[in-house]
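Work through the exercises below with the model open. Each task is followed by its solution.

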Amino acid sequence: MTSRRWLGAAGLGLLLVAGAVFSAVVVANAADSARSARFREAASIEAERVRNVVELAATEAERLAAISRSRADFGAAAPPRLDHVDEVVALAYAELDGPRLVVRTALPRNAGPLSTGEDLLVRPELELVLTRAVTEADTSAGTPIEIEGREVLIIAAPVLSDPLAAEAARRASVTGAVIAVLDGARILDEWPGAARLVAPDGRAIGPQAAGDLHRSVIDLTGRPFELLLDEPALGWSDSARLVLVGGTLSAILVAIVLFHQTTRRREAEEHAEQRSQQLTRIAEAGARLQQSLDLSELLPAFAVSLANDFELRSVAIALLDDDGMLTEVFSTGERAPGGAIELPLRRGWRAVGLLTIGPGRELDEAELTSLQALGDLLAVAMSNAQLYEREQASAARLRDLDALKNAFLGTVSHELRTSMTAIMGFGELLSDAWDTLDDTRRREMANRIRRSAGSLRHLVDDLLDFARLEQERLRVSPRRVDLAGVVRQMIDTLSPLLGRHTLDLRTDDAVSAWADPIAIERILANLVSNAAKYSPDGTTITVSVEPRGSAARLVVADQGPGIPAAERRRIFARFYRLDTPEAVRTRGAGIGLAILRDFAERSGATVTVDDAPGGGARFVVDFPTEPMDVGSAEAVAVGT
Amino acid sequence: MSNRTLIVDDDEDMRFLLRAIIERANEGLEVAAEAGGADEALAQWRAVQPDTIVLDHRMPGTTGLQVAEQILAERPEQTIILFSAYLDDELIARAGEVGIRACISKDRYDDIPDALWRYGPAA
């Protein structure tokens with residue numbers, strides 16, 4: 001990502017540099033136009049300057065010639081003149097000696113190209129200039145020549161014996177000449193480019209110019225010289241350079257600033273993107289968590305998506321039960337030792353579980369915050385799912401209870417109508433057919449009426465007791481009683497419940513107990529009725545009363561199949577009926593033992609269920625023998 | 001023409017009462033056999049081949065409707081009268097779907113002879 005940013009910034013910088021160069025070129029072109037104009041103007045000035053230099057040198061030579069009547073005069077006047085014009089590198093005083101023009105004095109002695117005693121007229125390159133001086137008495141600038149490797153321009157001024165004479169006499173009065181040697185390089189050295197001074201005969205001083213030239217014709221001592229000035233090579237103007245350098249630096253600066261800003265913006269965008277992704281994950285997880293209230297579906301889907309979204313090595317979810325114990329309910333991935341992050345799952349301030357993740361990489365702060373947020377969502381979903389499960393269980397229990405109640409009502413209705421039908425039917429038969437029935441038949445029908453009435457009474461008693469239990473209105477009034485005597489008195493009333501069973505009563509003479517006789521009767525009746533229902537016809541139901549330690553014990557044992565150990569506590573629940581074949585084949589409303597339990601509880605008695613000797617069920621009820629706080633007693637105990 | 005009846009009821013008093021009522025009515029009505037449960041009922045039904053069955057519905061284990069379904073599956077023309085202490089509209093409707101001819105509440109026990117005459121073989 002950083003290299004791409006650098007490339008972008010570099011590209012932008014190059015664009016800006018190109019812009020700067022373009023701007024510099026534009027500026028430079030504009031500057032060139034101005035400079036061309038300036039060049040032309042400067043060339044004119046330069047031509048004028050060159051002319052002035054030569055003319056000044058000629059004037060100086062003429063003045064020197066005017067005051068130099070002799071070699072001595074020249075020697076006295078010349079040195080200052082040498083310094084007067086910089087371009088004059090040598091001065092000489094020559095005298096006509098017949099056909100010869102002999103140098104008498106040359107200054108400086110060894111610097112000049114002219115040597116003392118030299119006849120200048122023998123040097124063809126000087127012929128023109130000297131001829132004009134000595135024959136025409138005219139100061140003249142000569143053809144540029146090269147002397148001793150130096151390009152020079154010779155100016156010769158005539159020395160006249162009669163300067164004021166007329167033209168012809170003037171020429172005759174020439175006695176010699178003052179010769180000034182001008183350094184060609186010095187004449188032209190002020191021009192920044194190449195400069196070349198060309199004489200009318202084509203000889204020239206200065207290098208051959210190339211490129212654009214400015215040509216000026218200047219008059220030097222009456223002769224037309226041509227000055228060729230080369231325009232200096234085009235270069236970047238200062239302003240263009242300034243624009244170029246400034247633009248480049250600005251471009252670099254702008255590129256750096258833009259890179260910095262781009263980096264910051266990219267970082268902000270990446271951060272925003274990360275936050276967006278995290279929020280999306282949270283939203284998606286939240287939606288997933290809403291899709292089901294079944295933990296077995298919800299937890300795997302959540303854990304797997306969490307591991308994928310955050311590239312986690314492992315995810316484990318544990319639930320906190322009502323006893324504060326954590327139980328892992330789902331895990332995915334491979335756990336490695338160390339490095340695990342535990343995120344408590346809370347709903348409000350209540351802990352509901354623990355989310356343990358094994359990160360496969362380093363998680364940043366934002367990711368941890370997101371994970372905690374997801375954990376909070378999970379906690380809410382888990383709480384909802386648990387609540388839903390509890391509600392479902394509660395609803396199921398209510399449905400079961402409703403079904404049990406419906407079954408109870410159906411059974412009760414059936415039992416009531418059956419008993420009533422028997423009573424009414426046999427009564428009607430007796431009434432309508434009394435005369436046609438023999439005594440045995442009449443007696444049998446009467447017994448059936450009695451038995452049905454007894455069953456009906458027992459059922460109605462149970463229903464009334466049950467109604468009192470439901471309304472918390474069942475009351476017992478314990479007092480000192482002889483348990484054996486009470487049982488003996490009641491035993492006859494139980495005969496309608498016995499069916500085809502034999503009852504074996506075994507009691508001591510007197511067994512003191514602290515109990516309510518009504519409660520004893522209801523407990524005994526239910527136990528005997530139960531025994532008769534669940535044990536085969538013809539078997540014996542044993543009822544015994546005996547003192548047992550600090551209790552008075554009532555035992556009812558049958559010879560039926562007995563009660564499975566696992567069911568011995570549940571049989572006392574209201575509407576509960578065993579699922580054994582014997583129970584299925586037997587009618588019952590499922591309230592008898594619930595009533596028995598409540599009577600025992602309120603009497604301070606305990607009820608134990610175990611196996612009778614030789615098989616069958618044995619119910620043992622231990623009544624207290626002294627008054628006691630019945631609220632603290634557990635009425636039902638399960639025998640082994 | 002005789003009408004031989006199989007009485008099926010888990011309550012012995014009910015069986016005794018029905019037998020007494022049927023025998024008293026006479027007029028061709030006859031109790032062919034009694035059964036106190038589903039298995040015994042099927043066995044007696046196959047054994048005595050009754051013309052009609054007076055069948056209690058609410059019996060421990062298998063219900064009267066279930067017994068009727070088995071019998072009618074084997075012999076659809078078998079006349080069955082459901083005799084129950086607890087009749088409601090749903091039970092009557094289901095009995096009709098199964099193929100039971102009539103439903104009589106136990107408190108209307110004296111209607112049994114008329115029902116046997118009406119739905120029996122003489123009908």
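**Exercise 1.** How do the residues of the lining of the largest cavity divide into nonpolar, polar and charged?

*Solution.* The model is predicted: local features need pLDDT of at least 70, side-chain atom pairs count only at pLDDT 80 or more, and totals for chains, interfaces and linings use all residues. Residues are numbered from 1 along each chain as written, chains are lettered from A in the order written, and side-chain values use heavy atoms, without hydrogens and water.

Step 1. Search the whole structure: one cavity of 30 Å³ or more turns up. A cavity is a set of points on a 1 Å grid over the protein atoms alone where a 1.4 Å probe fits but cannot get out.

Step 2. Take the volume, the space filled by probe spheres set on points joined across faces, edges and corners. The largest cavity has about 50 Å³.

Step 3. List the lining, residues with an atom within 4 Å of a point. Ala57(A), Glu60(A), Ala61(A), Leu64(A), Arg81(A), Val88(A), Leu91(A) and Ala180(A) form it.

Step 4. Sort by class. Ala, Val, Leu, Ile, Met, Phe, Trp, Tyr, Cys and Pro are nonpolar, Asp, Glu, Lys and Arg charged, the others, Gly among them, polar. The lining has six nonpolar, no polar and two charged residues.

**Exercise 2.** Which element gives the most to this lining?

*Solution.* α1 (2–67) and β1 (88–97) of chain A each supply at least two residues. α1(A) gives the most, with four. Helices (H or I, at least four residues) and strands (E, at least two) are DSSP runs, numbered from the N terminus.

**Exercise 3.** How many salt bridges are counted between chain A and chain B?

*Solution.* Step 1. Apply the rule: a side-chain nitrogen of Lys or Arg within 4 Å of a carboxyl oxygen of Asp or Glu. The count is five.

Step 2. Inspect one: Glu12(B) and Arg448(A), at 2.3 Å, N to O.

Step 3. Locate the elements. α8 (365–432) and α9 (439–470) of chain A each supply at least two residues of the side touching chain B. α8(A) has the largest share, 15 residues.

Note on methods: On a 1 Å grid over the protein atoms alone, a cavity is a set of points where a 1.4 Å probe fits but cannot get out, and a pocket is an open set with protein on both sides within 12 Å along at least five of seven lines; lining residues have an atom within 4 Å of a point.
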